[in-house]
Structures are given as structure tokens and as C-alpha cells.
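Please take a moment with the sequence and the model before reading on. The paragraphs below go through a few chosen residues one after another.

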Amino acid sequence: MNERITLMGCSIDNLTMEETLQTVEGFIHTGRPHQHVVVNVDKLVKASRDPELRRIINDCALVNVDGMPVVWASRLLGRPLKERVAGCDLFEALMRRAGEKGWRVFLLGAREEVVSKVASTYRHKYPNLVLAGYRNGYWKGEAEEAEVVEQIRAARPDLLFVAISSPKKEQFLGRWQAEMKVPFAMGVGGTFDVAIGHLKRAPLWMQKSGLEWFYRFLQEPRRMFRRYFIEDMAFIRLFLKELKLKGAR
């Protein structure tokens, strides 16, 4: 059984990348719907303020950490995570394995020109990949959302990757995952843009040293300033509060 730890009110599976991939394969073999989420500093801060988002995260079948600050915090709090499992890396590993195993993949999200390019890129990269379908991430109202859900359900994917903003993607999957009946559904944020080269990943040394967020800030300073330097500062308060509780125990 997977070891789950709790950090700042959110449950997290303490798994390596390979253990995560094995877990996903087990989900696909069952055929039952499972929702995945990655948590980072931003999502932990949002979850601390949004009980519904926190409930969705804690109800997910699989929760990984994408963010070295969270890994470091887990160690200082005496609940050390084995490693960071970045969403971009997990997406790439699952697309490769889908091509090897014949798993059906559905891509949802981003602009039409982005998601269509992701589809063509991975068809070329993994010729045996079974692409069940793809759709952009823009729709209006409940009626059109229900049409999106029906399109995915009819495509019968084994893997669903959802590239829309947080917490919208978690809420979408929380509402519809049981009806879509996808064995593994994963929110991937900006991964589609990374996959086709619209956004560059930080150098490996920055990823390992926990500076990938700063690289993202340098790419889009106006867009990311508020998130990293105002909103995410609340993570420090959350960490200190949990550290104080640890000391009290």
C-alpha cells in the first residue's frame, strides 16, 4: 500500500517516479476512474484558503509533489518525501509508456493551435501512440461543458491530460471524472506549452536546486510576479505554523 503523508492539510503520496508509473498502470488495469493531482507551493496556498479544493485534492487517488520547496518542507517537518515528481516529467513518461502499452490518450486544454500541435508532435514522437482525441480548453456554460464530457467519454481514453488553469481543472475533474470513466485523469497546467517548446524548462541544476520557479518568473515576469512574490509568500506562514505544531507535539 502506498504511504500517504499529510502536509499543510493536504494528503500526498510518498512515491518515486517509477512507483508513480506503476501505480498508474494499476489504475488502468482496473478500468475504474481515478483522479490525479500534483501539489506545489501555489496549490497548497490555494487549498489552505479553499476547503473545496482541499477536499478534491484529498479525495484524489494519486497525489504527487511538483516543487522542491514542498519536498524540503516535508523533510524539515519530519515527514520526508522520497522525491519530486514533476508534472512535466510525469506527462512525458506516461506518453512514452502509452505508446509502448497501447493506452488510449485524450488531450484537453490550451488554445486550439497548441493542443493540436501537441497531438501532432507526440504522434510523430511515439508512432504507436493511440490518440483517442483532443480538444481545446475553451467552452462556455454547463451545456457546452457537458458536450466536452460526452466527447471524452465516447472516446474511451485510458489517460486524460487536462491543461487548464488551477483550480478549474481540479474542479472539472472533481465534477465529471465518475461520468467520463477515465481510468487516469491528470491536470497538467502549462505542460502542453512546454511540450511543444513555447515555454522552456529551467536547466536541470535550477530544477534540482528549487529555482525552477525563478526561471518561470524570468520568462513571464509581469504575469508571474503576483503569484510568486505576493500570493505564494503565504506558504512560509503555513510552513511555520505546521513547524510550531510539530514542536508542540
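**Buried polar residues and two cysteines**

In this predicted model, Lys43 has its place in helix α2, which covers residues 41–49. With a relative accessible area of 6%, Lys43 is buried, and its side chain makes a polar contact with the side chain of Glu170 at 2.7 Å. Leaving out residues up to four places away in sequence, Lys43 touches Val37, Val38, Leu53, Ile57, Ser166, Lys169 and Glu170, so that Glu170, the partner in the polar contact, also appears among the residues that Lys43 touches.

A second buried residue is Gln177, whose relative accessibility is 6% and which is found in helix α8, residues 168–180. The side chain of Gln177 reaches the backbone oxygen of Val182 at 2.9 Å. When neighbours within four places in sequence are set aside, Gln177 is in contact with Pro33, His34, Gln35, Val182 and Ala185.

The cysteines can be taken next. The structure holds zero disulfides, and Cys10 accordingly takes part in none, the nearest cysteine sulfur being that of Cys60, 10.0 Å away. Cys60 is likewise in no disulfide, and its nearest cysteine sulfur is that of Cys10, at 10.0 Å. Because a disulfide requires two cysteine sulfur atoms within 2.5 Å, a separation of 10.0 Å does not qualify. Cys10 is buried, with a relative accessible area of 0%, and Cys60 is buried as well, with a relative accessible area of 4%.

Notes
Residues are numbered from 1 along each chain as its sequence is written. This is a predicted model: local features need pLDDT of at least 70, side-chain atom pairs count only at pLDDT 80 or more; totals for chains, interfaces and linings use all residues. Side-chain values use heavy atoms; hydrogens and water are left out. Buried means under 20% relative accessible area, exposed over 50%, partly exposed in between (1.4 Å probe, protein chains only). Helices (H or I, at least four residues) and strands (E, at least two) are DSSP runs, numbered from the N terminus. A polar contact is a pair of N or O atoms within 3.5 Å; within protein, one must be able to donate a hydrogen and the other to accept it, and residues adjacent in sequence count only if both atoms are side-chain atoms. Contact means heavy atoms within 4.5 Å.
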